[in-house]
Amino acid sequence: MLAINDYKFWLLMYRIFPKNIIDTVFTIITAIQLYLLGARYVLKEIHRKLSSKVRKLSANEPDIPDDLTDYVAVVTGGSRGIGLSAAKDLYRRGCIVIVTSSASSQMERDKMAEEAKESVKATNNSGNILVWPIDFREMSSVFDFVARFNKEYGSLDILINNAGVMFVDKNFTSDGFEYHYQINYLSHVLLTWLLLPALNKADKKGPARVVNVSSSTHYPRCAFLDDLQSQITPYSAFHAYAQSKLCQIMFTYYMANWLRSDVGQSYRVLINCLHPGVAMTGLYQYVWWVRLFPWLASFLFRTADEGAETVIYCALSTEIESSGYYYEDCSSLRSSKFSMNKIYQNRLADLTRKQLAKLIEKYNQTYPEYKVPQILAY
Ligand SMILES: NC(=O)c1ccc[n+]([C@@H]2O[C@H](COP(=O)([O-])OP(=O)(O)OC[C@H]3O[C@@H](n4cnc5c(N)ncnc54)[C@H](OP(=O)(O)O)[C@@H]3O)[C@@H](O)[C@H]2O)c1
């Protein structure tokens, strides 16, 4: 098991066998790993439906504040699926929610916001849903978003890093990174980092919260820290997705430690991550059996609203008082051994720092009034 999760093994295989054969074998092995895990998680979904012991959130939970007047939240990828459900739940409680979408037309985004609001019976009229553009394939659009946010709001209570893609073909962004890596991981690190001053300005009862929506698919895989962009090792969409989700968890742990350091202590922020459950959403558009049997998937999976429960729990529950935890079904759980390895976390942080250093510098020069610290430096 270790060998097939080690990038050196695949480099060796490239030297012995033809490239196309190794590429196919790698895809098959990683697909099997993820489908086996998927089968286990579908069983977990059935258990959840039948069990009274798994926590399910109702509209009024004592540990989840119901009045979010004056709260501001950002939910990435809130145009549909789990993000949309989380955004609607926050709005219902009176929160101003800025949802991000890669939809390029203003009319389309305004329509999304109106439809989302119309579908909710708000218990508190102080809320709003706005849809602002970010395309996570372009780091510059993260800059534009943060600049606009600082100008119009300046203070942020909740950041939900939810936008994501799954099992897309090998592709590189104009910033030079593999799609899963940049959209699911790197651009969200940049967004979180640039929003740190705004998060620090939130002055509600507790610290501001960052919630990273990751996935259980991280369990069977390791990150190829020497080849995160699949440039010298084979590409598999299964590996690329799982790796990006693993990186999100490792970044959560690293940042939680950073927030306890001398530099980080000045920021009053809690950061945690989670697996939302297997929810029937557009994420499964490239999964063959879900496309063939959507009725079966709808029967086995949870709904997007149910998928948003742990997101809401991590964003709001008063039970959560510290950073650096991984949650499933509103309870903390051990993530994979690889994700908890501090040496690997430090290496990923070093790489991330190098990948984003120039962008952070450029941002600090362009917006000196919103200066952020050097990324993840102790
Ligand atoms: N559903 C599940 O069973 C499941 C399980 C584990 C983890 N997750 C995680 O949960 C999160 C939400 O997934 P979902 O199931 O709700 O999926 P979804 O319905 O496909 O929603 C994905 C969201 O990401 C946004 N997005 C995609 N590409 C983007 C880009 N380049 N730039 C900006 N936004 C982009 C989409 O918005 P636009 O298209 O409007 O840009 C959309 O709102 C993901 O991070 C996923 O990995 C889901």
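Is His275 buried or exposed? In this predicted model, His275 counts as buried because its relative accessibility is 6%, below the 20% cut-off. A look at the whole chain helps to place this residue, and a few local sites can then be visited in turn.

The protein is built from 14 helices and eight strands. Its radius of gyration is 20 Å, close to the 21 Å that the globule rule gives for 378 residues, so the protein is as compact as a globular protein of that length. Along the principal axes, the C-alpha atoms fill a box of roughly 65 × 50 × 40 Å. Of the 378 residues, 57% count as buried. The accessible surface comes to about 16,800 Å², and carbon and sulfur atoms account for 55% of that area. Contacts that reach along the chain are also worth noting: among those between residues at least 6 apart in sequence, 76% join residues at least 24 apart.

One part of the fold can be followed strand by strand. Strand β2 (residues 96–101) and strand β3 (residues 128–133) run parallel and are joined by six bridges. Between these strands the chain passes through helix α4 (residues 106–118), and the resulting β-α-β crossover is right-handed. Within the pair, Ile96 stands opposite Asn128 in β3.

Returning to His275, this residue belongs to strand β6, which spans residues 269–275. A polar atom of the His275 side chain lies 3.3 Å from the backbone nitrogen of Gly277. Once neighbours within four places in sequence are left aside, the residues in contact with His275 are Tyr41, Ser214, Ser215, Ser216, Tyr326, Tyr327 and Glu328.

Another buried site is found at Asp63, in the loop between α2 (19–50) and β1 (72–75). With a relative accessibility of 8%, Asp63 falls under the 20% limit and therefore counts as buried. The side chain of Asp63 makes a polar contact of 2.7 Å with that of Arg55, and a polar contact of 2.6 Å joins the side chains of Asp63 and Ser317. Beyond its neighbours within four places in sequence, Asp63 is in contact with Arg55, Tyr313, Leu316, Ser317, Thr318 and Glu319.

Two of these contact partners, Tyr313 and Leu316, also appear among the buried residues of helix α12. This helix covers residues 309–316 and is mostly covered, with eight of its eight residues buried. Its buried residues are Glu309, Thr310, Val311, Ile312, Tyr313, Cys314, Ala315 and Leu316.

Finally, the backbone deserves a glance at two loop positions. Ser230 has a positive phi of about 50 degrees although it is not a glycine, and its place is in the loop between β5 (208–213) and α8 (237–260). The relative accessibility of Ser230 is 2%, so this residue counts as buried. Cys330, which is not a glycine either, has a positive phi of about 60 degrees. Cys330 sits in the loop between β7 (326–328) and β8 (331–333), and counts as buried because its relative accessibility is 6%.

Key:
Residues numbered from 1 in each chain as written. Predicted model: local features only at pLDDT ≥ 70, side-chain atom pairs only at ≥ 80, totals over all residues. Heavy atoms only, no water. Helix = DSSP H or I, 4+ residues; strand = E, 2+ residues; numbered from the N terminus. Buried < 20%, exposed > 50% of the residue type's maximum accessible area, 1.4 Å probe, protein only. Polar contact = N/O pair within 3.5 Å; in protein donor to acceptor, adjacent residues only side chain to side chain. Contact = heavy atoms within 4.5 Å. Pairing = 2+ DSSP bridges. Right-handed = clockwise from strand over helix to strand, strands pointing away. Rg over C-alpha atoms; globule rule 2.2 N^0.38 Å. Areas by Shrake-Rupley, 256 points an atom, 1.4 Å probe, with all protein chains shown as cover.
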